8 protein chains.
Amino acid sequence: MSEEQLRSLLEQVQSGAVEIDEALGRMRHLPFEDLGFAKIDHHRALRHGMPEVVFAKGKTPEQVALIAERLLMNSRNILVTRADASTAELVTKLTPQAEYFPLSGAIRVWEDRTIRGKGKIAVVCAGTSDIPVAEEAQVTAEVMGNEVDVVHDIGVAGIHRLMSNRERLCSARVVVVCAGMEGALPSAVGGLVACPVIAVPTSVGYGASFHGLAALLGMLNSCASNVTVVNIDNGFGAGYVASLINRG
Amino acid sequence: MSEEQLRSLLEQVQSGAVEIDEALGRMRHLPFEDLGFAKIDHHRALRHGMPEVVFAKGKTPEQVALIAERLLMNSRNILVTRADASTAELVTKLTPQAEYFPLSGAIRVWEDRTIRGKGKIAVVCAGTSDIPVAEEAQVTAEVMGNEVDVVHDIGVAGIHRLMSNRERLCSARVVVVCAGMEGALPSAVGGLVACPVIAVPTSVGYGASFHGLAALLGMLNSCASNVTVVNIDNGFGAGYVASLINRG
Amino acid sequence: MSEEQLRSLLEQVQSGAVEIDEALGRMRHLPFEDLGFAKIDHHRALRHGMPEVVFAKGKTPEQVALIAERLLMNSRNILVTRADASTAELVTKLTPQAEYFPLSGAIRVWEDRTIRGKGKIAVVCAGTSDIPVAEEAQVTAEVMGNEVDVVHDIGVAGIHRLMSNRERLCSARVVVVCAGMEGALPSAVGGLVACPVIAVPTSVGYGASFHGLAALLGMLNSCASNVTVVNIDNGFGAGYVASLINRG
Amino acid sequence: MSEEQLRSLLEQVQSGAVEIDEALGRMRHLPFEDLGFAKIDHHRALRHGMPEVVFAKGKTPEQVALIAERLLMNSRNILVTRADASTAELVTKLTPQAEYFPLSGAIRVWEDRTIRGKGKIAVVCAGTSDIPVAEEAQVTAEVMGNEVDVVHDIGVAGIHRLMSNRERLCSARVVVVCAGMEGALPSAVGGLVACPVIAVPTSVGYGASFHGLAALLGMLNSCASNVTVVNIDNGFGAGYVASLINRG
Amino acid sequence: MSEEQLRSLLEQVQSGAVEIDEALGRMRHLPFEDLGFAKIDHHRALRHGMPEVVFAKGKTPEQVALIAERLLMNSRNILVTRADASTAELVTKLTPQAEYFPLSGAIRVWEDRTIRGKGKIAVVCAGTSDIPVAEEAQVTAEVMGNEVDVVHDIGVAGIHRLMSNRERLCSARVVVVCAGMEGALPSAVGGLVACPVIAVPTSVGYGASFHGLAALLGMLNSCASNVTVVNIDNGFGAGYVASLINRG
Amino acid sequence: MSEEQLRSLLEQVQSGAVEIDEALGRMRHLPFEDLGFAKIDHHRALRHGMPEVVFAKGKTPEQVALIAERLLMNSRNILVTRADASTAELVTKLTPQAEYFPLSGAIRVWEDRTIRGKGKIAVVCAGTSDIPVAEEAQVTAEVMGNEVDVVHDIGVAGIHRLMSNRERLCSARVVVVCAGMEGALPSAVGGLVACPVIAVPTSVGYGASFHGLAALLGMLNSCASNVTVVNIDNGFGAGYVASLINRG
Amino acid sequence: MSEEQLRSLLEQVQSGAVEIDEALGRMRHLPFEDLGFAKIDHHRALRHGMPEVVFAKGKTPEQVALIAERLLMNSRNILVTRADASTAELVTKLTPQAEYFPLSGAIRVWEDRTIRGKGKIAVVCAGTSDIPVAEEAQVTAEVMGNEVDVVHDIGVAGIHRLMSNRERLCSARVVVVCAGMEGALPSAVGGLVACPVIAVPTSVGYGASFHGLAALLGMLNSCASNVTVVNIDNGFGAGYVASLINRG
Amino acid sequence: MSEEQLRSLLEQVQSGAVEIDEALGRMRHLPFEDLGFAKIDHHRALRHGMPEVVFAKGKTPEQVALIAERLLMNSRNILVTRADASTAELVTKLTPQAEYFPLSGAIRVWEDRTIRGKGKIAVVCAGTSDIPVAEEAQVTAEVMGNEVDVVHDIGVAGIHRLMSNRERLCSARVVVVCAGMEGALPSAVGGLVACPVIAVPTSVGYGASFHGLAALLGMLNSCASNVTVVNIDNGFGAGYVASLINRG
């Protein structure tokens, strides 16, 4: 039942052409989400007040470009994640504002650079191999309207590097920590800072890392109470939740 | 090296009794956390600005009671988690303010009921068997200074129950969702609300639930972008992070 | 918004006290499932046209008895699954019609014995240790209004036993097959019959059966195309779906 | 022993040329399935009253084409699953009726379009990446003689999309639900409809989806009682069982 | 159809009372295993020419005793495995010949001590904790009519112990090797002897032995070509197959 | 210490040139396997009385060819397993007797065709995709001096095919059964025959077959007592052990 | 063949009573480890120059006491691990020197307190629940002749506690680190010290710690290069290897 | 705060320009690792007194070459691990001293060949396929200043090969054992030698070896007390720790 249909029904009630019991009967099975004018009809992304996001993996370059083109009609900021080079080539042709980040596969159009977050988001990675995941988190958090402070290569096997970045970490409102292998960094960071830490296990490692499983389990068992976890390599999710927290 | 020792060294520098190079030499190995007056010396819990928490599992009732007694000298609020009945008996004798929650095993002393959170925290559970975990989250969030709205038994197999609680969920600043079995509820909630969702897999289920593994994996793979995950049955961790977010 | 509130709103529209645009605005956030008079408000079980079912595990005997008591006010048939002896004691006191099945832990009140299924449901088990799970399937299918034919102990290591029961199996409209250990029976049955086979892995076995995992994986990989699978030991689910199919 | 041999033996008994004990002795080891005229000799597919199906994976294009060619002599409908492009090229040359579905790799010859199912089968997928699996289910169910209603992209993180398709789902006699990642959709659908739901976990996802394991476990632990599960990505099996149920 | 029924049918054919086509029609669906006089009707155990075996786990003491009693009417040798003390008490009352082996839970009646094996079976265990499993293999192999040579405690971390038993091992026709923890002994034994080695992983160990999984995987990956494997703790199966090989 | 050295030492003892204590001292650390004349010095393959076998995987074509060349100097029969086409090209140039089996990757030189086994070995596979593994078992058993009877495509979902091959299976002294997917065939075969069954799980399947794990677990949990198991896809090992049993 | 037998044989060679060929023949199968006088005959423990150790788990109290009694005849130091209270009661009666450590279940007789290690061994644990495992390591290292420095409760979520113990850790020659949950401490310690670190995962934790698996995987993937790992809860093994390193 | 800043502050204290309380205040948050002159600032590798090591995997050839170039300015010895051919081409151009080991992917510059180890390190591998991992261990141990004795192909299925190398193994101060498949060799070696054994599981194998998991679990459960374990294929880690032990 569309808004028009509902309006017409109400008009019939108003005019007496339809009895109230009859109207109630018709509305009984009214599908909630077919009201048309309800907020619930808007895209999930819009409901969250976030830019549109396209997950490119499993879509053809043409499909992604088409979606991106349509989104760009209404949005000044869009984010495409996990895009390969050929997808990037098509999408970056759509607008000169589109930047491609080859490490993470992100494509970003970031025209509206209003800062919506109340503080800074720190994005930390344990080793240089974790940078692609950290980049996805950073790019996401920025396009969502946050100031992001990126700290690279401060793994737990060199604690002094962590300690020397302590003040930067402590001045953030949320910290995203990306780490593969043993995934120990979120616990160490979690013990230093007083804000929420979002841990992103990465698939960096070999052998008994089992493609990120070791890091994932480590983070889920963190002895620091302020740590929550997202899926392996899910830099986007971490950047997204960090944005929600920072805006809150 | 305590503050006193450092002060004394500086006084000797001031008076000329110790040369600068000599002073530098002594300070070179100065253990950072022995400065005494540094914030870092305070308990982790205090650094987070949170009440003290004792994890009772693996400690004897006597040990827990001793720790609780000592904490109660300085703190008006304390939380003991995973306590059995005999531990509860000892701890609740320490002060008439202590409440015991047998489902979750939490013991709480909650004298300072100042609200520090900026909004409400919703704690949701999918089925009645998930209530103990939800209770741990609720008790934690409350003692951390939050208003908590608890919604029971709104699993995805009865979506209308979820939909009818939509406004309550949407009015929260953070939602904690506890679910066992297939662990699908956080995705459904995450799609409805615009705030961060903290998913707690519970060990409720049998057979291929593998003691919460099915729910855990489901939540980590959530198609809703605003979901992060904590360990199986970790209601405390979820309540803790929700508190940090709500205060932020 | 209850039915009363909606009726009142429509009356105000009818009387002109509320404008149509105003009414539309109020209805915009109307929670679908709060219409009250909608079918969706009814219990899931009722929507499926099935008797009420209570999963007793994780509930106290008193809780189960209370729920059963309330259900018995409206229903002539109810089913409690996974009840222990003390729960059974309480529930069987409620009505002389209640039977307790100690092997499977089912309690059944089966006053309305109308047959609703169009044919027979065969419930098969591979070994005597699988009987508790088969019993749960049988009890469920019967109380849902089906004629059930139970065939015990026809594991694949004695194919002649399977073959000698071929006609019984072939005359069923659905076959439920319960098997532990290697879980091979559903494939063998699936190859003999032309109807849907619902496979129930059981936790019977030891060592590398890993509490039913071996049987579960075997059944999911069945080379017979007419096999679907439910959770380990989930006799109830198998009996339930078999009933739906048999009624269809 | 063929029918001819058996007839000949009986004739010898009739004529007195062979004693009864002698005849009994010869028949003692009579292989049941060598009677020739017994139904059991027919292909499994025929016993199920279904078109012939060829699983192309692991066979060379030439092998598949040869089998297809032979089957086409007797059958107006055949289905090849998991065929790559080079296999498709060979098979589609055999008859102009052959259609190739590149997403799922199905090849279908569908000359006899008689509807044998009593109602509709709904095939639902959670996200666009699940479409190949859904397509395999759809193509299978159609060639088996069913009207199929396909509903795309109604994942649980946008419940309104699910709700707005509620009537379509409720009007089906069986629903096939394909979902990767957390695999939550079958539970939500199962709660809405009163018919059997066949859940197909897909290998869509990354990280802790473990190639469909997360979705598989989620579906096996579904809190909806009307859900059964097939192997990861097994759209064919789901379409096949759905057909059996719909014909029943 | 029993032998009597078939004889009667043949007599009717002989006498002309039944036409051949009619007889063929009746025999068409003749269940193979209902011939009655066919070998296939005999118990699996008998078909293997082995004593009857009862797996006691999951049966009540009374059930086991009843089965044992019935078997003892026809058999001079029987074997019960995995029996607890109360089952043993009942069964050993049946006949003074019954011996109970508490370590492994075997009960044996071994009246017919004919040696049927052509040579010796060696049963080896790596450590003293593996003895219960080895005992089950030994008891089984003996009651099946074999001479058994038991060698204890020759784990790979003391290779000289293995080497000093080399001649005993080499003089066996089959070697059963029971080992927990890393499960390395079958490979070492397999390299020394020229006969088949049956490896039995045991659940002995802790931590990353995962209840026998480590030993099981080790044995399946043995670099010795003459090793096959049975289920964790399955001493019975190993003794059984060893008997078949030794008789062959 | 070679036989010559030991002889020389004994001669010196005999002649009095070396004292007994001195001789004992020299022999004290005598490496057992350096006696030279001991059987233990012979290659493992020779100790088992088997032809030489080369596992080609992980070796370069040149390495395999070199080893094969050297072996061919002393042996009339050799077997290379898991060789790719380029390795086969090199090895088959060495002698016109070399046959290459591309499905399994085996290369065989089989000049000495003496039959050493006492009976037949049956090699069975469940589906056509299991043929490569069955071929490896067959080629191995043949070159080890056995008559092999190969039976293809008798999976459990078509039990009549299995039943119609019952006599062939029953006339073997050992049966090797190769099966992927649910791995149920060894149990069914094990129930029919009275000889040892060697089960080979194959990696055939997809999704929850987990590359052969489902079949492996199924076989380890076989309810037939005469089944032992080798590694996934290990046709060679099965053929090897079958040969040992058949010669025994 | 014992030393005496060999000597006698050599004397017969010397005297001419036995021919050299005859002597060679007898010696051919000479079991290496029966020479008697070879070092290889000594117990493994003695070969390592370590006190005798008894693993009590899986042995009866009487068995352990008997072994301990026999060992005490020759040894001034012995170690029993994983003993329960009743075993301890029996063993401590044997000698007043026996100490029982109830947390870890170790029983130690430590009369010879000679220090054999060249430096100190540090034994570190992350949390108080890891103390039983650390105690086993400490008791082992001490009875093996080492000075042990125990540092408790310095988990990575409170890095300052780790840092303030840095000098103690740096002054050790080997560090044993016991940690459960995420198992991150060995990496952090490994980055601080220059000596070998032996990591002991403990089964401390719940949910996704999977009884120590998370800690084990974390430690195996340590980004610190100086870390090796032992089995879950294997404090004994860690203490043992640390002793070997410290003596080296 | 650098050393200069600290010196300047102390000078101000000395001169009276800064009050002691003011100085204390400034020093309060002094980041420990910014003292500049502290040892902790040095690279981890240097702290361990080891040559610099670069893990090439996941870095571009250019990145590795750049790092190597910079390191070569200060170091006479460097090690690059897991380098592919194109990386090797770039790095070996930097200096004629660079050797490339294609099996393991190691690149080594080894100008300073001082022996720092006190004894020999033995590096053992079970089969020829394990050689790449053994090579990585060897190359590492050599460049760290150790004499290395490499023993190939002494798997447990040919124990005499192991026994004949016993003296070489016993003369080492540490033994590194690389083995795939069942991973049994470290236990056998551990039983022969009295020094620490570092076990390296390799990913060699197929089927149920699960890419090294079987070997890893085997080694963690070793019944030899002197065995510790590193990650699958981690030859570098084993060589590194062996070097630390050998220098100790």
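This passage describes an interface between two chains, aromatic pairs, salt bridges and backbone angles in a predicted model.

The interface between chain A and chain B involves 36 residues of chain A, which are in contact with 36 residues of chain B. Between them the two chains bury about 2,800 Å², and 60% of this area lies on carbon and sulfur atoms. With respect to polar interactions, the count of salt bridges between chain A and chain B is zero, while four residue pairs, both members being at pLDDT 80 or more, are found in polar contact across the interface. On the side of chain A that touches chain B, at least two residues each are supplied by α3 (44–47), α9 (185–192), α10 (213–220), β9 (227–229) and α11 (235–247) of chain A. The largest share of that side comes from α11(A), which contributes six residues. By residue class, the side of chain A that touches chain B divides into 21 nonpolar, ten polar and five charged residues.

Aromatic contacts were searched for over the whole structure, and 16 aromatic pairs were found over all chains. One of them is formed by F236(E) and Y240(E), a tilted pair with a centre-to-centre distance of 5.6 Å and an angle of 55° between the planes. The tilted assignment follows from the angle, because planes under 30 degrees apart would count as stacked and planes over 60 as edge-to-face. Both F236(E) and Y240(E) belong to helix α11 (residues 235–247) of chain E, where they are four residues apart, about one turn of the helix. As to solvent accessibility, F236(E) is buried, and Y240(E) is buried as well. In chain H, F236(H) and Y240(H) likewise form a tilted aromatic pair, for which the values are 5.6 Å centre to centre and 55° between the planes. These two residues lie in helix α11 (residues 235–247) of chain H, and because F236(H) and Y240(H) are four residues apart there, about one helical turn separates them. F236(H) and Y240(H) are, again, both buried.

Over all chains, the count of salt bridges comes to 41. In chain A, the side chains of R108(A) and E142(A) meet in a salt bridge with an N to O distance of 2.6 Å. This pair links distant parts of the chain, since R108(A) lies in strand β4 (residues 106–110) of chain A and E142(A) in helix α6 (residues 131–143) of chain A, 34 residues apart. R108(A) and E142(A) are both buried. A salt bridge in chain E joins the side chains of E136(E) and R82(E), with 2.9 Å from N to O. Here too distant parts of the chain are linked: E136(E) is in helix α6 (residues 131–143) of chain E, whereas R82(E) is in the loop between β2 (77–81) and α5 (85–94) of chain E, the two being 54 residues apart. E136(E) counts as buried because its relative accessibility is 4%.

A further salt bridge, in chain G, is formed by the side chains of D149(G) and R168(G), at an N to O distance of 2.9 Å. D149(G) is located in strand β6 (residues 147–151) of chain G and R168(G) in helix α8 (residues 166–170) of chain G, so the pair ties together parts that are 19 residues apart in sequence. With a relative accessibility of 15%, D149(G) counts as buried, whereas R168(G) is partly exposed, its relative accessible area being 34%. In chain A, moreover, salt bridges that share partners join E99(A), R108(A) and E142(A) into one network.

Two residues of chain H were examined for their backbone angles. Most residues other than glycine have a negative phi. R82(H), however, has a phi near 55°, a positive value in a residue other than glycine. This residue is found in the loop between β2 (77–81) and α5 (85–94) of chain H, and R82(H) is partly exposed, with a relative accessible area of 22%. For H211(H), phi is near 60°, again a positive value in a residue other than glycine. H211(H) lies in the loop between β8 (197–201) and α10 (213–220) of chain H, and at a relative accessible area of 65% H211(H) is exposed.

Conventions: Residues numbered from 1 in each chain as written. Chains lettered and ligands numbered in written order. Predicted model: local features only at pLDDT ≥ 70, side-chain atom pairs only at ≥ 80, totals over all residues. Heavy atoms only, no water. Contact = heavy atoms within 4.5 Å. Buried area = accessible area lost by both parts, 1.4 Å probe. Salt bridge = Lys/Arg side-chain N within 4 Å of Asp/Glu carboxyl O. Polar contact = N/O pair within 3.5 Å; in protein donor to acceptor, adjacent residues only side chain to side chain. Nonpolar A, V, L, I, M, F, W, Y, C, P; charged D, E, K, R; others polar. Phe/Tyr/Trp six-rings, centres within 6.5 Å; stacked < 30°, edge-to-face > 60°. Buried < 20%, exposed > 50% of the residue type's maximum accessible area, 1.4 Å probe, protein only.
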